[in-house]
Amino acid sequence: MEKSLICNLVTELSIYDPEEIDIRILNFDTSTTTPFVDLVIKISTVEEEKTGDLRIQFDQLHAACISLIPANDIFYSDDHPLLWDYNDLQASLYFTGVSADVYKLFWEVKQIEKRLYGHYQYIDRYLNSELEVVKLMKAGRGLFANGPKKLLQEMAKVLADNVLKFSLISEREPSLCDGTRLTAKRQYPSALLVGNSYFIANKIDVDFLKYQG
């Protein structure tokens, strides 16, 4: 993406109160060689009312999450935690010991999700799903989670705060598709966040933006 284009848009929207901005997804099409999303941005203030049509195109779209809930902001990032699956080493987090309060421990883990990922329900995908996690913790040892090293380090702090021992092992490059085959190397896509929706792609282009009103 030409950062100047998206940054100009983000800067333009930042001068308005979030309650004055209404962003809705009209169409998301992945059937073409260049997937795209169409947005309509409506700005309503005491002084003005205008509507803008925006198309954003993606080259090598890795992941997307679509929400029909209206948004009031757009954010672009090269280093959001959503990108750690692609640009960070992956690892495994093991633990030993029994927490005095398992439910408190998992509440603290969910606070990591809230702090890093905001409203995206994302962290459960990394936790050990072979057993119910509470039962696993009561067992006193085992695999706690697999995932990006930066995330596991945050989880390890929670384990340590709850007087549990941990081991962070098996560091490895992420296994990702480069478009034709799986490769074990880091990639550096970008993230576009539109309210509760997000898009992760190698290249993100603003195709057009026009305002009426």
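A residue is taken as buried when its relative accessible area is under 20%. By that cut-off Phe 95, with a relative accessible area of 2% in this predicted model, is buried. Phe 95 belongs to strand S5, which covers residues 90-96, and offers a convenient way into the fold. Leaving out residues up to four places away in sequence, the partners that Phe 95 touches are Leu 136, Met 137, Gly 140, Arg 141, Gly 142, Phe 144, Leu 159, Lys 165 and Phe 166. Ala 156 lies 61 residues away from Phe 95 along the chain, yet the C-alpha atoms of the two are separated by 8.7 Å.

Stepping back to the whole chain, the model holds five helices and 11 strands. Its C-alpha atoms fill a box of roughly 65 × 45 × 25 Å along the principal axes. Of the 213 residues, 44% count as buried. Among contacts between residues at least 6 apart in sequence, 69% join residues at least 24 apart.

Helix H3 (residues 102-117) rewards a closer look. At 1.5 Å a residue, its 16 residues should span 22 Å, and the end C-alpha atoms are indeed 22 Å apart, so the expected and modelled spans agree. The buried residues of H3 are Val 102, Leu 105, Phe 106, Glu 108, Val 109, Ile 112, Glu 113, Leu 116 and Tyr 117. Because these residues cover an arc of only 155 degrees around the axis, they sit on the same side of H3. The face turned away from that buried side carries Tyr 103, Trp 107, Lys 114 and Arg 115, which are exposed. At the start of the helix, a side-chain oxygen of Asp 101 comes to within 3.3 Å of the backbone nitrogen of Tyr 103. Just after H3, Gly 118 adopts a positive phi of about 65 degrees.

Nonpolar side chains tend to be buried together in soluble globular proteins. The largest nonpolar core in this model has 35 residues, and the members that touch the most others are Leu 105, Tyr 117, Met 137, Phe 144, Leu 151 and Met 155. At least two residues of this core come from each of helix H2 (84-87), S5, H3, helix H4 (133-139), strand S6 (141-148), H5, strand S10 (190-194) and strand S11 (197-212). The most is given by H3, with seven residues. A second, separate core has 21 residues, including Ile 23, Leu 39, Phe 58 and Phe 199. Back in H3, Leu 105 touches Ser 99, Met 137, Phe 144, Val 158, Leu 159, Asn 162 and Leu 164, not counting residues up to four places away in sequence.

Asn 162 also deserves a visit. This residue is found in the loop between helix H5 (149-161) and strand S7 (165-172). With a relative accessible area of 9%, Asn 162 is buried. Its side chain makes a polar contact of 2.9 Å with the side chain of Glu 108. Neighbours within four places in sequence aside, Asn 162 is in contact with Ser 99, Asp 101, Lys 104, Leu 105 and Glu 108.

Among the strands, S2 (residues 36-44) and S3 (residues 49-65) run antiparallel and are joined by nine bridges. The hairpin that connects S2 to S3 passes through four residues. Within this pairing, Val 40 stands opposite Asp 53 of S3.

How values were computed: Residues numbered from 1 in each chain as written. Predicted model: local features only at pLDDT ≥ 70, side-chain atom pairs only at ≥ 80, totals over all residues. Heavy atoms only, no water. Expected span 1.5 Å × (residues − 1). Buried < 20%, exposed > 50% of the residue type's maximum accessible area, 1.4 Å probe, protein only. Arc of directions from axis to C-beta. Polar contact = N/O pair within 3.5 Å; in protein donor to acceptor, adjacent residues only side chain to side chain. Pairing = 2+ DSSP bridges. Contact = heavy atoms within 4.5 Å. Core = buried A, V, L, I, M, F, W, Y, C linked by side-chain atoms within 4.5 Å.
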